[in-house]
Amino acid sequence: MEVSLRILGCGDAFCSGGRSNTSFYVSSPEINFLIDCGATTLLALKKYQIPTGDIDMIVISHMHGDHFGGLVFFLLEEKKNKRKKPICIVCPVGMDEKVKQAVELYYPGSSTLSELDIRYVFFGSHQTLDLEKIKIESFPVVHSQETLPHGLRVTVGDRVIAYSGDTEWTDELYALSDRADLFICECNFYLDGGPNHISYSTLKTKKLTCKRLMLTHMGEEMLDNAESVEFEMAEDGMVINFPKN
Ligand SMILES: [Zn+2]
């Protein structure tokens with residue numbers, strides 16, 4: 001089965017370097033889905049001419065706006081489009097309430113989404129969700145705890161895509177990325193820049209066992225040092241094809 005992934009956004013919360021907020025679009029013959037849906041995601045979908053109606057599922061790593069804020073605009077777009085088919089949102093426990101609040105905050109009074117068939121599937125830590133066409137494993141990571149931060153290991157067809165979410169280094173990332181076809185790992189800083197995120201200086205000391213590593217969520221200081229980075233760095237718009245194994 002042929003799987004492909006497009007980087008819709010690989011920026012941090014501040015769109016450093018002109019990069020969009022986090023979102024990855026994965027398409028396969030069986031299912032099309034987003035991993036994260038940051039505030040700028042609808043713009044990116046339109047830029048790369050991906051119809052919102054083609055998306056069956058949206059998987060969210062944690063409750064920060066640069067990872068889920070785009071749901072407001074995505075859902076309103078689908079309401080406008082009179083979407084009939086269900087949209088499945090796979091996310092940390094309680095995010096349905098947060099999405100409701102965000103829609104109401106941005107569009108007071110006009111925000112009813114009751115016409116949409118939104119189906120939430122929640123995950124806790126170390127959970128495996130077998131959702132027929134896709135398997136999602138959730139790993140607890142170290143970020144603002146209020147956001148219920150998780151890394152995700154997604155199996156679609158015979159391919160494994162691992163994603164760190166936002167986190168400082170945690171040994172959970174070894175199991176999360178082990179033998180993954182692609183491990184998209186956040187690397188906000190070049191040198192140690194503070195808590196909640198990984199730095200390149202830390203990451204390069206780790207012995208990862210993924211087949212391909214790609215850095216994302218890069219801040220200004222990381223981008224300023226891009227020339228001395230030895231790992232592959234994501235770019236907005238980049239497409240990664242996984243031919244049939
Ligand atoms: Zn973030």
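Start with the whole chain in cartoon view: this predicted model has seven helices and 14 strands. Zoom out until everything fits, and the C-alpha atoms take up a box of roughly 50 × 40 × 35 Å along the principal axes. Is that what a compact globule would give? Put another way, what radius of gyration does the protein have, with its 245 residues? The value is 17 Å, which agrees with the figure near 18 Å for a compact globule of that length.

Now colour by burial. Buried residues account for 45% of the 245. As for how the chain meets itself, take the contacts between residues at least 6 apart in sequence: 61% of these join residues at least 24 apart.

**Stop one: the core**

Select Phe 24, Val 26, Leu 34, Ile 58, Val 59 and Ile 161. Within the largest nonpolar core, which has 67 residues, these six touch the most other members. Which helix gives the most to this core? That would be α3, residues 70-80, with five residues.

Stay on Val 59 for a moment and show what is around it. Leaving out residues up to four places away in sequence, Val 59 touches Phe 33, Leu 34, Ile 35, Val 90, Ile 136, Leu 152 and Val 154.

**Stop two: helix α3**

Select residues 70-80 and show the side chains. The buried ones in α3 are Gly 70, Leu 71, Val 72, Phe 73, Phe 74, Leu 75 and Glu 78. What do they pack against? Select strands β2 (23-27), β4 (57-59) and β5 (87-92), then helices α1 (41-47), α2 (65-68) and α4 (95-106): the buried residues of α3 pack against each of these. Just past the end of α3, click on Lys 82, where phi is positive at about 55°.

**Stop three: Val 90**

Go next to strand β5, where you'll find Val 90. Buried or exposed? Val 90 has 23 other C-beta atoms within 10 Å, so it is buried. Setting aside residues up to four places away in sequence, Val 90 touches Met 57, Val 59, Val 121, Phe 123, Leu 129 and Ile 136. Try a distance label too: the C-alpha atoms of Val 90 and Tyr 120 are 5.9 Å apart, though 30 residues separate the two in sequence.

**Stop four: two unusual loop residues**

Most residues other than glycine have a negative phi. Asp 36 is not a glycine, yet its phi is positive, at about 65°. Look for Asp 36 in the loop between β3 (32-35) and α1. With 29 C-beta neighbours inside 10 Å, Asp 36 counts as buried.

Then jump to His 126, another non-glycine residue with a positive phi, near 55°. His 126 lies in the loop between β6 (118-123) and β7 (127-130). Is His 126 buried or exposed? His 126 has 12 other C-beta atoms within 10 Å, so it is exposed.

**Last stop: the seven-stranded sheet**

From β7, follow the open sheet across in the order β7-β8-β9-β10-β11-β12-β13, a seven-strand arrangement with mixed pairing. At the edges are β7 and β13 (232-233), each pairing on one side only.

Finish inside the sheet by selecting β10 (159-163) and β11 (182-186), which pair in the parallel sense over three bridges. Which residue is the bridge partner of Ile 161 in β11? Highlight Leu 182 to see the partner. You've met Ile 161 already, among the core residues that touch the most other members.

Technical notes:
Residues numbered from 1 in each chain as written. Predicted model: local features only at pLDDT ≥ 70, side-chain atom pairs only at ≥ 80, totals over all residues. Helix = DSSP H or I, 4+ residues; strand = E, 2+ residues; numbered from the N terminus. Rg over C-alpha atoms; globule rule 2.2 N^0.38 Å. Buried ≥ 20, exposed ≤ 12 C-beta atoms within 10 Å, placed from the backbone. Contact = placed C-beta atoms within 7 Å. Core = buried A, V, L, I, M, F, W, Y, C linked by C-beta atoms within 7 Å. Pairing = 2+ DSSP bridges.
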